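Thanks for coming, everyone. Please have the viewer open while I talk. I'll go chain by chain, then look at what joins the parts.

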Amino acid sequence: MDEVLQQVAKLITEVVGPDFLLGVEITRDTTFSDDLGLESIEFVALADKLNAHYGVDLVAFLADMDIDEIMAMSVGRLVDHITARV
Amino acid sequence: MSRFLFVVPPLTGHVNPTASVGGELLARGHDVAWVGHPGTLEPLLPDDARIFPAIDDLLEADIRAKRERWLALRGMAVLKFFWEEFLIPLGHAMVPGVSDAVARFGPDVVVADQQALAGPVVARDAGLPWATSASTSAELVNPLRTMPKVDAWVRDLLHDFAGGDIRFSDRLVLVYSSAALVAGEFGEEVAFVGPALSHRAERVDFPWDWLVQRDARLVLISLGTLNGPAGERFLSQALEAVGGLDLRAVVVGEPRPAPPNVLVLPSVPQLALMPHLDAVITHGGHNTVCEALAHGLPLVVAPIRDDQPTVAAQVVDAGAGVRLTYSRARAADIRSALESVLDEPEYAAAAGRVRASFLAAGGATAAADRLEKVVAG
């Protein structure tokens, strides 16, 4: 398993709480909106963790996307963005 | 005396502030009318209110059916559906009825709810001044500012519909909140009048005997329309949370098994209940939050969608409550949040400061003053 993917999955689990991911395996195809149902405050918490861990600015990454891209935003796309940056 | 026409969508939370402001204008001897869905408006407006139809029962049922589908969505899909499937089509659908109401009533000023897009379009075509009734303060701080492409998409939709951003009148924007909750610099046209609560009709019964039976703290749990399985989950956790506490709770919701210290009712006279309460657990609807704060009540807020995260952040920033995660908060989290706001006096003190700012803002009286100035030019 990709190291960045593993780390991002760990950070998401920390934000959401392990109880709520029972039976949900975080893969590259997992979407933030539909699959994880990340709430706005959780998004902020994840952004803080990504910034601390990778120096990646999640808000700036999203700022470049249109509404359909944000709806389809997947863990894999975030992992690729991080991999390209670090 | 002048003539004021309120244009409103078929949503209780959007009608309520106009019921108060319109009631104040009526008390001053002005002529006032509303245009929207008569079946939604009648229970909320004064007995003698003049109502013009712009939404028939068929369309209203269609809107409710759409709402059911919308409640199942998550994340950015909520916003896309809201604009493309709800707000813009509703705007188009209401134009003929609003035009007819303007022709028949002959208003001096049109007061359009921020989600009744037909109002500004019809007013402009008729050469009438129009004001905005912003039933939430969230649009003022633009929650989409960090997503410029999404923000531009909303503006494009508005431009296609109306040729401009008609969410805000350049004459008057009535905001039912205060600077104690909403940070920022705003133009002269933005009037923070605080919640408009006077002249409101509440035609729902309540078993008042239940309140005087025992001396215990009282909590209201009001989550708006339940949001599918996530709503059921949160409510069952909330019932478990209050079940073990030495207090009583009124829950707004469909009948369901509940602990003996909990009363579940499909609807309550919320304003009349407020003076009896010690705290409110809510999803963060702007009206419920501001009504609670107007009574100095601390809050537990579990926002779901739309403006609710913004409103929840306002409450937390003001120090008047605790925020929970709607889709994941457990009974223990809810119980601990509720105990905090009830037992730690800072929360009630902060809610009291917001209450003072609301009183200073003037409510429906201040809103009516500002509307009279629009007529004067």
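What follows is a short walk through the two chains, their contact, and a few residues to click on.

One caution before we start. This is a predicted model. Please keep that in mind for everything I say.

Let's begin with chain A. Chain A has 5 helices and 0 strands. Read from the N terminus, its elements simply go α-α-α-α-α. Its radius of gyration is 12 Å, close to the 12 Å from the globule rule for 86 residues, so chain A is as compact as a globular protein of that length. Along the principal axes, its C-alpha atoms fill a box of roughly 30 × 25 × 20 Å. Of its 86 residues, 20% count as buried. Now take the contacts in chain A with a separation of 6 or more. Residues 24 or more positions apart account for 73% of them.

On to chain B. Here we have 14 helices and 13 strands. The radius of gyration is 20 Å, and a compact globule of 377 residues would be near 21 Å, so the two values agree. The box for the C-alpha atoms of chain B is roughly 60 × 45 × 40 Å, again along the principal axes. Of the 377 residues, 47% count as buried. Among contacts between residues at least 6 apart in sequence, 63% join residues at least 24 apart.

How is chain B divided? Domain 1 covers 3–194 + 362–376, and domain 2 covers 209–359. So that you can place them on screen: their C-alpha centres lie 27 Å apart. Across the boundary, 19 residues of domain 1 of chain B are in contact with 17 residues of domain 2 of chain B. On the domain 1 side, that surface has 11 nonpolar residues, 8 polar and no charged ones.

Now the cores. The largest nonpolar core has 108 residues. Which residues have the most contacts inside it? They are B:L5, B:V7, B:L174, B:L293, B:L299 and B:V300. Both domains of chain B give residues to this core, so it lies between them. A second, separate core has 13 residues, including A:V16, A:L46, A:M73 and A:I82.

Click on B:L174 for a moment. Leaving aside neighbours within four places in sequence, its contacts include B:A131, B:T132, B:S133 and B:A134. B:A191, B:V193, B:A367 and B:R370 are also in contact with B:L174.

Next, helix α14 of chain B, residues 363–376. B:A368 is found there. Buried or exposed? B:A368 counts as buried, because it has 26 C-beta neighbours inside 10 Å, and the cut-off is 20 or more. Not counting residues up to four places away in sequence, B:A368 touches B:V21, B:E24, B:L25 and B:R28. Look at B:G23 as well. B:A368 and B:G23 are 345 residues apart along the chain, yet their C-alpha atoms are separated by 9.4 Å.

Now α4 of chain B, residues 76–105. This helix bends by about 40 degrees at B:V95. A proline, B:P96, follows within four residues. The buried residues of α4(B) include B:M76, B:L79, B:L90, B:G91 and B:M94. Past the bend residue, B:G97, B:V98, B:A101 and B:V102 are also among the buried ones. After the helix comes B:G106, with a positive phi near 65 degrees.

B:L87 sits in this helix too. Why does B:L87 count as buried? Because it has 20 C-beta neighbours inside 10 Å. Outside four places in sequence, B:L87 is in contact with B:F82, B:Q115 and B:L117. B:L87 and B:L117 are 30 residues apart in sequence and 7.5 Å apart in space, C-alpha to C-alpha.

Last, the contact between the chains. It takes 19 residues from chain A and 17 residues from chain B. Which helices of chain A each supply at least two residues to that side? They are α2 (40–54), α3 (58–63) and α4 (67–72). By class, the chain A side has 11 nonpolar, 4 polar and 4 charged residues.

That's the tour. Over to you for questions.

Technical notes. Residues are numbered from 1 along each chain as its sequence is written. Chains are lettered from A and ligands numbered from 1 in the order in which they are written. This is a predicted model: local features need pLDDT of at least 70, side-chain atom pairs count only at pLDDT 80 or more; totals for chains, interfaces and linings use all residues. Two residues are in contact if their C-beta atoms, placed from the backbone, lie within 7 Å. Ala, Val, Leu, Ile, Met, Phe, Trp, Tyr, Cys and Pro count as nonpolar, Asp, Glu, Lys and Arg as charged, and the others, Gly among them, as polar. A residue is buried if 20 or more other C-beta atoms lie within 10 Å of its own, exposed if 12 or fewer, and partly exposed in between; C-beta atoms are placed from the backbone. The radius of gyration is taken over C-alpha atoms; the globule rule is 2.2 Å times the number of residues to the power 0.38. Domain bounds come from an automatic or database domain assignment. The bend at a residue is the angle between axes fitted to the seven residues ending there and the seven starting there. A nonpolar core is a set of buried Ala, Val, Leu, Ile, Met, Phe, Trp, Tyr and Cys residues joined through C-beta atoms within 7 Å.
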